[in-house]
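Open the model in your viewer and switch on side chains. The stops below go one selection at a time.

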Amino acid sequence: VPMVAPGNVQVHVINSTLAKVHWDPVPLKTVRGHLQGYKVYYWKVQSLSRRSRRHIEKKILTFRGNKTFGMLPGLEPYSSYKLNVRVVNGKGEGPASPDKVFKTPEGVPSSPSFLKITNPTLDSLTLEWGSPTHPNGVLTSYTLKFQPINNTHELGPLVEIRIPANESSLILKNLNYSTRYKFYFNAQTSVGSGSQITEEAVTIMDE
């Protein structure tokens, strides 16, 4: 098997889900056989928004021939990763380079995990929601948009409300009685807005 590890491993984080890794080629005489390529082992150490440690799954990408760089796609935003590089010949892999730590920046969050509308009265509805399963950063706020829908399914004027990130419920007042409303709800990080979840509900006709 090869005798030495690739040197001078550098990681350039391009965005929240993509990084580029560079390394110096090993001297050919240390390959001790036919140079097949380089393998990059990389794994997520932890999410920076949740301190949960789970089973660490190592991923491997193989770059054929005498390449000295490669792209690592599909990373999770706002996470800490480690990687190392090994050279490969027909017999197997050489030793791993020292582990390199890198962090991905924040991304936009996934949609809120649920939106539930309860306690209808003549002029109010109560909204409850769950935070995104993948915040992909530090949540800064939620945005709620809603509009009435009339009997011919035409949409009325859209109202937009910003809600602090630490809230998980809201009572909407001063609504019209016996009216169907459509709600659009999403979360934000400093990077931008995540995908929205939609729901409909009706205020009651009379007491």
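Which two side chains meet in a salt bridge at 3.6 Å, N to O? Select Lys116 and Glu128. This is a predicted model, so take each distance as a computed value. Lys116 sits in strand β8 (residues 112-118) and Glu128 in strand β9 (residues 125-132). The two are twelve residues apart. Lys116 is partly exposed at 42% relative accessibility. Glu128 is also partly exposed, at 28%.

**Stop two: the other salt bridges**

The whole structure holds five salt bridges. Go next to Lys39 and Glu93, where the closest N and O atoms are 3.1 Å apart. Lys39 belongs to strand β3 (residues 35-47), while Glu93 is in the loop between β6 and β7 (100-103). That pair links parts of the chain 54 residues apart. Glu93 counts as partly exposed, with 24% relative accessibility.

Now select Lys44 and Glu76. Their side chains form a salt bridge of 2.5 Å, N to O. Lys44 lies in strand β3 and Glu76 in the loop between β5 (69-72) and β6, so the pair ties together parts 32 residues apart in sequence. Is Lys44 buried or exposed? Lys44 is buried, because its relative accessible area is 14% and the cut-off for buried is under 20%. Its partner Glu76 reaches 31% and counts as partly exposed.

Return to Lys116 and Glu128 for a moment: both ends of that bridge are partly exposed, Lys116 at 42% and Glu128 at 28%. Then add Arg86 to a selection of Lys39 and Glu93. Salt bridges with shared partners join these three residues into one network.

**Stop three: Val85**

Select Val85, in strand β6 (residues 79-89). Its relative accessible area is 0%, so Val85 is buried. What surrounds Val85, leaving aside neighbours within four places in sequence? Show Pro6, Val9, Val21, Trp23, Tyr38, Lys39, Val40, Pro95, Ala96 and Ser97. Lys39 is in that list, and you have already met Lys39 in the salt bridge with Glu93. Next, draw a line from the C-alpha of Val85 to that of His22. The separation is 9.4 Å, for residues 63 apart along the chain.

**Stop four: Gln147**

Move to strand β10 (residues 141-149) and pick Gln147. Gln147 is buried, at 8% relative accessibility. Which polar partners does its side chain have? One is the backbone oxygen of Gly156, 2.8 Å from a polar atom of the Gln147 side chain. Another is the side chain of Tyr184, joined to that of Gln147 by a polar contact of 2.7 Å. Widen the selection to the residues that Gln147 touches, not counting those up to four places away in sequence: Leu155, Gly156, Pro157, Leu158, Arg180, Tyr181, Lys182 and Tyr184. Both polar partners, Gly156 and Tyr184, appear there.

**Last stop: two asparagines with positive phi**

Select Asn8 in strand β1 (residues 7-15). Its phi is near 50°, a positive value in a residue other than glycine. Asn8 is partly exposed, with a relative accessible area of 45%.

Then select Asn174. Where is Asn174 placed? Look in the loop between β12 (169-172) and β13 (180-188). Asn174 also has a positive phi, near 60°. At 70% relative accessibility, Asn174 counts as exposed.

Notes. Residues numbered from 1 in each chain as written. Predicted model: local features only at pLDDT ≥ 70, side-chain atom pairs only at ≥ 80, totals over all residues. Heavy atoms only, no water. Helix = DSSP H or I, 4+ residues; strand = E, 2+ residues; numbered from the N terminus. Buried < 20%, exposed > 50% of the residue type's maximum accessible area, 1.4 Å probe, protein only. Polar contact = N/O pair within 3.5 Å; in protein donor to acceptor, adjacent residues only side chain to side chain. Contact = heavy atoms within 4.5 Å. Salt bridge = Lys/Arg side-chain N within 4 Å of Asp/Glu carboxyl O.
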